[in-house]
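Here are some short notes to read alongside the model. Please keep the structure open as you go through them.

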Amino acid sequence: MPSLDYLVIAPHPDDAELGAGGTILLLKSQGARVGVLDLTSGEPTPHGSPEIRRRETDAATAILGLDWRGNLGLPNRALVADLEARRQLAVVLRELRPRVLFAPYWEDAHPDHVAASALVDAARFHAKLTKTDMAGEPCYPERIIYYFSVHLRLHLRPSFVLDISAHIDRKAEALACFRSQFIDGRQTTPPTFLDELRERARYWGWVIGAGYGEPFLCREEVGLKGLRDLF
């Protein structure tokens, strides 16, 4: 398949939508090729099942208009950034050849999220190796951008915030596809969990003088070619 411009790597189906759903829609509107790789099935959960989660993921994928989505099949609740998982992810990177990776922020209460972040860091380097029996040609994505899909109530200073105002409603539709995770068994009177997610996006939009936003963090410096798009 043609190379991707951006690949969002998620510990579970729904994390990409939570942390970067609006950005995915924004990138697609700009003509970029965007994919999502879920590392695990995300199951078991209290109100879900593998079959339910697959249906929910398919529905959200259609709303996002992704060019590719896959699942690495690593164990949910027991994700480990070991050598074998690193190799499996590196092979996918060598196949898809994304220019930029999105990974979960490295600090969280959920061990799968912490392991996923470390795994992306390691696999990015592993994918560039030569003199290896891994399939595909060496690939080293230019940058890792970290998104926030965390269980801790953190307030960090992001490297930048993207304006997703034009895409907030579609992001909400994609999130609502995961009914077993965000609706069933949760509070039904306002503010619901989905209401709170929208309010958080409104806050990040307010920070940059826009309607709605999504925050991101980079370990490496962010470079600009001009100031035209600064708020």
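The points below take up helix packing and then two single residues.

1. Please bear in mind that this is a predicted model. Local features are discussed only where pLDDT is at least 70.

2. Start with helix 1 (residues 15-29) and helix 5 (residues 168-176). Their axes lie 9 Å apart and meet at an angle of about 140°. Angles over 145 degrees would count as roughly antiparallel. This pair is therefore oblique: helix 1 and helix 5. The crossing of the two is right-handed.

3. Which residues make the contact between helix 1 and helix 5? Helix 1 supplies E17, L18, G21, G22 and L25. Helix 5 supplies R170, K171, A174 and L175. By class, the contact of helix 1 with helix 5 holds four nonpolar, two polar and three charged residues.

4. Look next at the buried side of helix 5. The buried residues there are I168, K171, A174 and L175. Viewed down the axis of helix 5, they fall within an arc of 115°, so they line one face of the helix. Of these buried residues, K171, A174 and L175 also take part in the contact with helix 1.

5. What covers that buried face? The cover of the buried residues of helix 5 includes helix 1, helix 2 (50-64) and helix 6 (179-182). Helix 7 (193-207) and strand 7 (213-217) also belong to this cover.

6. Helix 1 also packs on helix 2. Their axes come within 10 Å and cross at roughly 35°. From helix 1, the contact uses E17, G21, I24, L25 and K28. From helix 2, it uses A60, I63 and L64. The contact of helix 1 with helix 2 divides into five nonpolar, one polar and two charged residues. Note that E17, G21 and L25 of helix 1 appear in this contact and also in the one with helix 5.

7. Now a loop residue. V150 sits between strand 5 (143-147) and strand 6 (160-163). Is V150 buried or exposed? V150 is partly exposed, at a relative accessible area of 25%. Leaving out residues up to four places away in sequence, V150 touches Y105, E107 and D108. V150 and E107 are 43 residues apart in sequence, yet 7.9 Å apart in space, C-alpha to C-alpha.

8. Last, H126. This residue belongs to helix 4 (residues 111-126). H126 is buried, with a relative accessible area of 13%. Beyond residues up to four places away in sequence, H126 touches L83, R86, R87, A90, R94 and M134.

Definitions and conventions: Residues are numbered from 1 along each chain as its sequence is written. This is a predicted model: local features need pLDDT of at least 70, side-chain atom pairs count only at pLDDT 80 or more; totals for chains, interfaces and linings use all residues. Side-chain values use heavy atoms; hydrogens and water are left out. Axes are lines fitted to C-alpha atoms, for helices over the stretch in contact, and angles run from 0 to 180 degrees between N-to-C directions. Helices (H or I, at least four residues) and strands (E, at least two) are DSSP runs, numbered from the N terminus. Angles under 35 degrees count as roughly parallel, over 145 as roughly antiparallel, 65 to 115 as roughly perpendicular and the rest as oblique. A crossing is left-handed if the near helix is turned anticlockwise from the far one by less than a right angle, and right-handed if clockwise. Contact means heavy atoms within 4.5 Å. Ala, Val, Leu, Ile, Met, Phe, Trp, Tyr, Cys and Pro count as nonpolar, Asp, Glu, Lys and Arg as charged, and the others, Gly among them, as polar. Buried means under 20% relative accessible area, exposed over 50%, partly exposed in between (1.4 Å probe, protein chains only). The arc is that of the directions from the helix axis to the C-beta atoms.
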